[in-house]
Structures are given as structure tokens and as C-alpha cells.
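Me: I have a structure open and would like to test the labels people attach to it. Could we go through them one at a time, setting each value against its cut-off?

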Amino acid sequence: CARIKQFKFLKRSQMKSCYVFTDKNLAHLQEIIATKFKKVEIFKIIPDENDKNNLINSNEKEFFLKFIDKFDEVKAKSDFVIVLGCESFSVFGKNELNLKLARNLNTPIFDENATELRALNPNSKLLITDKIDEILNYQAQIVTPFKFQSLLLKRAKAASKTVVLPESDDERILKAAHIVLEKGAAKIILLGLESEISKKAAALRLNLSEAKVINPAQNELTDEFAKKIYELRKHKGVDEVKANTLAKDKIYFATMLIHEGIADALVSGATMSTADTIRPALQIIKTKPNVSVVSGAFFMALEEEILLFADCAVTPNPSADELASITLSSAQTASAFGLSPKIAMLSYSTADSGSGEDVEFVKEAAKKALELDANLKVAAPIQFDAAIEPSVASKKMPNSDVAGNANVFIFPNLNCGNICYKAVQRSANALAVGPILQGLKKPVNDLSRGCLVEDVVNTILISAIQAGE
């Protein structure tokens, strides 16, 4: 089986679950399970016509999110859940859809054709055991991209924070706001003219009635923000006239909403550069203690695990001190989202196998990172294959508890990081969530100008979760 990571915020109760394709052995299975668990529920997968249309029209996300949510509701009220699979339909083979469902619900599968009850891993389909006690106590720990998105949604709902979106002139932002509001994942503030936003929303058939709309150019906060910007920036030569201009600028106004606690997080970048998004935050919100540089991380949701890549968005050529700061920030981000950070500081050399200026640079940065936090688990320098694959790690860095099991990957510069995350995103069909800006005192997150609506939604969820930490 491939390596599997489990999020701290995904802590599982003692409740167990299993998955069977049909009811062939259901009565026998129920009888055995009832002797070991008090409250046993059956969760039957029954796709309706809308579910079938979602799959036929390649909208797998909505299909799987629906059944993940329903399954979680049943789990919360049960000691053990038996999931009963559905009949195949459309282009799906007899068991293909059920196998996908089992992976997303994180349940072992019972072999319905075996003479004895046996469980299969939902990902590798390898036989695990034919001992019923072991089967019932077995729990896979797979986190799929759909499961990851479901968990982000649940955590954002629980945080109940307000996110400001300054780019209401972009329809992707409005569509994302509609989705977030519809799901109750966060409160939304849109910046712009209410009449224009309402007109666009109507044309796009969006419901933005629950969003608060503020016009930065004319409202009761602008004068107050201008005075505060002047006080915050006068030592840098900003006069009152300039402060008044900045207070009416949508990104500065949004940043002041965060600074003053009127909003909890900011998401921007669909129509402006990363520098435009970050500059006001650096000037007004500023960085956390012991953080020398802002960096951009991505959660990479692979088929069955979550990794963190940094810096992939902000700092082109960090110094050793800055790379150490990026490492610390990345560890904090991983921890905040439930990963126990095992950090690989990447190079073209593993341990002492190579030498050169670039290798020494990573060694020095690793030393400085451990000076910032001696408890960090770091492997450095290390090649990507040795960082992620146990068999390679056993040969190249055999005495490391990080090598072969890394989940946080620190790239030596932006060139490497940006290329790698995009290569993994496109070639491995991974879900890339980010960039998540690290190191600021309050959450301000950047979007790519080529972002999709789904990217905006995920960034809003991430920002709301960050604000709740």
C-alpha cells in the first residue's frame, strides 16, 4: 500500500466502518458485527437522477461530496457503519464506482464472492486479512482530494469567519462568493458598488443577498481608515493626501478591514498581482514574530495523501535566513491544518553525497531553521525521491525518521518550487490548494490570475480556517 498521512483535525472516533458491494453477505456480517458494537447502521448508496447526471457530465466532485457528507452524518450517530454499494450505471463498470466510493469514504471493502469474509484495501485492492476481528478493527487512513475539500468545508463552517473579497468586478469572485454563502462556509464582504454587483449577480443567476457590500470610495469607514493609514505610514513619508487616496483603494481598504477586525481574512489576486496583494499587508498587518519573509505554500492533494510545498509563490531567491524562516512558517501551516510536519529541505544532493554552493546553502538554512525551533523534524539536504519514497530513503539517508516519510517540502528557490507544484498539479492530476501566504499576523491570501472558481472557493475556506486558529 502507498504511504498514507492522516490529519490531526481528522481524528477518528472508535467508530468503525466497512464497505460491501451488495447484500450477498450482509446478514452474516451484521450478525457478527452486532456482537461487537452496540449501534450498527447501514448506509446504502442510492444515487438519484441528479447524482447520475453529475457523473455522466463529469461533475464527480458534487457526487462524492454529497455521499461523503451523508456518510459522515451517519458515522456521527453510530458505533459501526456498514456501507452497501450501488449498482453500476452509465460508463462505470460493475465495481469501479463502488471502489471510488470506498476510497473517498475511507472504508475497507468486503469481498462478496469469498467463501469467508475478507477485507480489501480500497486503494490497492490487496487482501488484508481473513480474520474478522482484524477486519473490524482495521481502518484505512486515506485522504482523497474530495475528502480534503469536504474537511475544509466543515472546518470553515465551524470557524464561522468573515472573508473580504475586494475584486467584485471579476465574475469568478462573485460565483465563489455565491457557493461559499450557499454552503454557509463563511460570511462574505464584497467591495464595490452595490448596484453593479447586484446587476452582475442577477445576470449570472447568483444569490449574493447575504453578502455585505461596501464601496471603499464612499462610506463611513473611509475617513477613519485614512487617518489610521496616515499614522501607520507617516514615518515612511505618507502624507494625509496620500493616506486619503490609499483608504479609497480597494486592496488597502480591504487590508484595513482586516487590521481593524471588521473582517477576519482577505482573499485577492484574481485581477491584480501578488505584489499588489501583499504590499498593503506587509505595510499594515506585518509579519509574525521571528518571521523575516512572507512565503506562499500549496497543499497538494494527491489520490490518497496531502503534502505541503513551499515557497512556490513569493520569494524568488531567499537567503539562508529567509529559507529558514520559510521552513518554520511551513511547519506552522502544516500543524495548523493537522499535519505533523516532517520537513524535507530539497537539493540535488542527499546528505553528504554531493557538494557545492547550492548544497551548502541548504545545509546552512537547515541549521538556522533548527536554531529557530529545535523541535522541527528536518531532513536536509535531501533529494525529492529520498524524501518521499521509503525504499530510496533506506539507501540514501537510512538513519532519518523524515526521509521517505516527508510531508512538507521546502524548495531552495521560487524557480524550483513553482515549476514543481505545477508539474505535480498537471501531470499527477493533483488538487493544488493555494497559494497560502505564510508569516503574516492575519490571513491574507493570494489568487493566481488564472484561477478557477473552485480555486477561489478553496482559498476562501483556507483563509477562514486560518482566521479561526
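Reply: Happily! Let's begin with a term we will need: helices here are DSSP runs of H or I with at least four residues, numbered from the N terminus. Keep in mind that this is a predicted model.

Me: Then what makes K363 and E360 about one helical turn apart?

Reply: Both lie in helix 14 (residues 357-372), and they are 3 residues apart there, so the separation is about one helical turn.

Me: And why is the contact of K363 with E360 called a salt bridge?

Reply: The cut-off is a Lys or Arg side-chain nitrogen within 4 Å of a carboxyl oxygen of Asp or Glu. For K363 and E360 the closest N and O atoms are 3.6 Å apart, so the pair meets the definition.

Me: Are these two buried, partly exposed or exposed?

Reply: Partly exposed is the class between 20% and 50% relative accessible area. K363 has 27% and E360 has 41%, so each falls in that class.

Me: How do you know that E171 and K175 form a salt bridge?

Reply: By the same test: their closest N and O atoms are 3.3 Å apart, and the limit is 4 Å. These residues are 4 residues apart in helix 7, which means about one helical turn. E171 is partly exposed at 42%, and K175 is partly exposed at 29%.

Me: What makes K234 and E231 a salt bridge?

Reply: Their closest N and O atoms are 3.1 Å apart, and that value is within the 4 Å limit. K234, at 43% relative accessibility, counts as partly exposed, and E231 does too, at 47%. The whole structure has 22 salt bridges.

Me: Which residues are joined into one network by salt bridges that share partners?

Reply: That network is made of D69, D72, K75, K147 and K154.

Me: On to helix packing. Why are helix 2 and helix 3 called oblique to each other?

Reply: Helix 2 (residues 49-56) and helix 3 (residues 60-76) pack at about 140 degrees, with axes 7 Å apart. Roughly antiparallel would need an angle over 145 degrees, and roughly perpendicular covers 65 to 115. The angle of about 140 degrees fits neither class, so the two helices are oblique.

Me: Which residues make that contact, and how do they divide by character?

Reply: Helix 2 brings D51, N54 and L55, while helix 3 brings E60, E62, F63, K66 and F67. They divide into 3 nonpolar, 1 polar and 4 charged.

Me: Now the sheet with order 9-8-7-10-17. Why do strand 9 and strand 17 count as its edges?

Reply: This open sheet has 5 strands with parallel pairing. Strand 9 (212-214) and strand 17 (444-446) each have a single partner strand, so one side of each is left without a neighbour in the sheet. On average, neighbouring strands are turned by 25 degrees against each other, direction ignored.

Me: How do you know that strand 7 and strand 8 are paired?

Reply: Pairing takes at least two DSSP bridges. Strand 7 (residues 162-165) and strand 8 (residues 187-191) share 4 bridges in the parallel sense, so they qualify. V164 has I189 in strand 8 as its bridge partner.

Me: Which helices pack on this sheet, and what do they touch?

Reply: Among them are helix 7 (residues 171-183), which touches strand 7 and strand 8, and helix 12 (residues 274-285), which touches strand 10 (265-268) and strand 17. The direction of helix 7 makes about 160 degrees with that of strand 8, and helix 12 makes about 165 degrees with strand 17.

Notes: Residues numbered from 1 in each chain as written. Predicted model: local features only at pLDDT ≥ 70, side-chain atom pairs only at ≥ 80, totals over all residues. Heavy atoms only, no water. Axes fitted to C-alpha atoms, helices over the stretch in contact; angles between N-to-C directions. Parallel < 35°, antiparallel > 145°, perpendicular 65-115°, else oblique. Contact = heavy atoms within 4.5 Å. Nonpolar A, V, L, I, M, F, W, Y, C, P; charged D, E, K, R; others polar. Buried < 20%, exposed > 50% of the residue type's maximum accessible area, 1.4 Å probe, protein only.
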